[in-house]
Amino acid sequence: MLPATFKLCAAISYQHLRNVTGLRRQAAVAISQELSRLTCRSTGPSTWISQVRRRSSLLSSRLEEKPFSEMEMSYIKQGEEALQKSLNILGDQEGWKTETVVGNGDKVLSKVLPDVGKVFRLEVVVDQPLDTVYSELVDNMEQMGDWNPNVKEVKILQKIGKDTVITHEKAAATPGNIVGPRDFVSVRCSKRRGSTCVLAGMATTYGAMPEQEGFVRAENGPTCMVLRPLHGSPSQTKLTWLLSIDLKGWLPKTIINQVLSQTQVDFANHLRERLARTVAVSC
């Protein structure tokens, strides 16, 4: 049995938990049972106190979390659906056809899906570690317009939790204005599973960002980028980009296919240049 002092501490801790604003009854019962279980243990005082503090701290942090609204939960669900659909598409190795192969090994593949249309798959190796590539594509997302000429601007409209953001992206017109300026409103979801990072997204609606004058509102998704350390060379990153876009407007499919595949090749080159400059400056 624990000394009377520790029994008193248990009683005080229990009373404190009962007074926490907004604590669900189920949580109060669970915590009460946990404290009772701990008081019956033969552990030493310091061990018991640290356990209570740890649980109280965890409980407090959870109570301070702002609950998501119904709309925010809808965006989170959209992002996760985009991620799952993208991984399912990439996981099916059948039916891919080569669109472009570059001398450095970069290649673009494509396939037609009944419920999505034509999708493109870029496969490249970047001579930078995964964390560096991830930081540029996720943490510095809004700077993409600084180094990718195909992008005029990327703006984060709203962050939801730690994994989901709503973005507005303005794409530049192609040379000769073959494809005029497009913009996109997307929900994006980033997940890290072990040594693999997945950045997924799809078109969504956002009341505060209606269609913009001078831009055609296009739609993307499901789309994603998968980052993995290159096997046998952790200082390099294998990047796979699944691209699915409906550019809207009256555009011949041959032009769309050419533009999208070239956009992916250009992206890889611009990303390498950006990372090389960033690393050089940091050194």
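**Figure 1. Strand 2 and strand 3, side by side in the predicted model.** In this predicted model, strand 2 (residues 107-113) and strand 3 run antiparallel and are joined by seven bridges. One pair to look for is leucine 109, whose bridge partner in strand 3 is arginine 121. The two strands form a hairpin, with three residues between them. Strand 3 itself spans residues 117-126. Seven of its ten residues are buried, so strand 3 is largely enclosed by the rest of the structure.

**Figure 2. Strand 3 meets strand 11.** Here we follow strand 3 to another partner, strand 11, with which it pairs in the antiparallel sense over seven bridges. Valine 124 makes a handy landmark, as it stands opposite leucine 239 in strand 11. Strand 11 covers residues 233-243.

**Figure 3. Strand 10 with strand 11 and strand 7.** Strand 11 also runs antiparallel to strand 10, and seven bridges join the two. Valine 226 has threonine 240 in strand 11 as its bridge partner. Strand 10 and strand 11 make a hairpin with two residues between the strands, and in this hairpin glycine 232 takes a positive phi near 85°. Strand 10 (residues 223-230) pairs with strand 7 (residues 196-203) as well, in the antiparallel sense and over five bridges. In that pairing, look for cysteine 197 opposite leucine 227 of strand 10.

**Figure 4. Two backbone details worth a closer look.** Most residues other than glycine have a negative phi, and most peptide bonds are trans. Against that background, where is the cis peptide bond in this view? It joins glycine 221 and proline 222, with omega at about 0°. Proline 222 is found in the loop between strand 9 and strand 10. The other detail is lysine 248, a residue other than glycine with a positive phi, near 60°. Lysine 248 lies in the loop between strand 12 and helix 7. Is lysine 248 buried or partly exposed? With a relative accessible area of 30%, lysine 248 is partly exposed, because the partly exposed class runs between 20% and 50%.

**Figure 5. Valine 187 and its surroundings.** Valine 187 sits in strand 6 (residues 182-193). Its relative accessibility is 0%, so valine 187 counts as buried. Which residues touch it, leaving out those up to four places away in sequence? They are Tyr75, Gln78, Gly79, Thr164, Val165, Ile166, Ala200, Gly201, Met202 and Thr204. For isoleucine 166, the C-alpha to C-alpha distance from valine 187 is 4.6 Å, although the two residues are 21 apart in sequence.

**Figure 6. Aspartate 183, another view of strand 6.** Aspartate 183 also belongs to strand 6. This charged residue counts as buried because its relative accessibility is 0%. Beyond residues up to four places away in sequence, aspartate 183 touches His168, Glu169, Lys170, Gln212, Phe215, Val216, Arg217 and Ala218. Lysine 170 is 13 residues from aspartate 183 along the chain, and their C-alpha atoms are separated by 4.4 Å.

**Figure 7. Valine 154 in strand 4.** Strand 4 (residues 151-160) is the place to find valine 154. At 3% relative accessibility, valine 154 counts as buried. Leaving aside neighbours within four places in sequence, valine 154 is in contact with Met141, Glu142, Met144, His168, Glu169 and Arg188. Valine 185 is a useful reference point: its C-alpha atom is 9.9 Å from that of valine 154, and the two are 31 residues apart along the chain.

**Figure 8. The second largest pocket.** This pocket has a volume of about 430 Å³. Of its 19 lining residues, Gly117, Lys118, Ile245, Asp246 and Ile256 lie nearest its centre. Strand 3 (117-126), strand 9 (219-220), strand 12 (245-246) and helix 7 (253-282) are the elements that give two or more residues to the lining. Which element gives the largest share? That is helix 7, with four residues. Sorted by class, the lining has eight nonpolar, six polar and five charged residues.

**Figure 9. Stepping back to the protein chain.** The chain has seven helices and twelve strands. Buried residues make up 41% of its 283 residues. The chain exposes about 16,400 Å², and carbon and sulfur atoms supply 53% of that area. Among contacts with a separation of 6 or more, 57% are between residues 24 or more positions apart.

Conventions. Residues numbered from 1 in each chain as written. Predicted model: local features only at pLDDT ≥ 70, side-chain atom pairs only at ≥ 80, totals over all residues. Heavy atoms only, no water. 1 Å grid on protein atoms, 1.4 Å probe; cavity = no way out; pocket = protein on both sides within 12 Å on 5 of 7 lines; lining within 4 Å. Points joined across faces, edges and corners; volume = space filled by probe spheres on them. Buried < 20%, exposed > 50% of the residue type's maximum accessible area, 1.4 Å probe, protein only. Contact = heavy atoms within 4.5 Å. Areas by Shrake-Rupley, 256 points an atom, 1.4 Å probe, with all protein chains shown as cover. Pairing = 2+ DSSP bridges.
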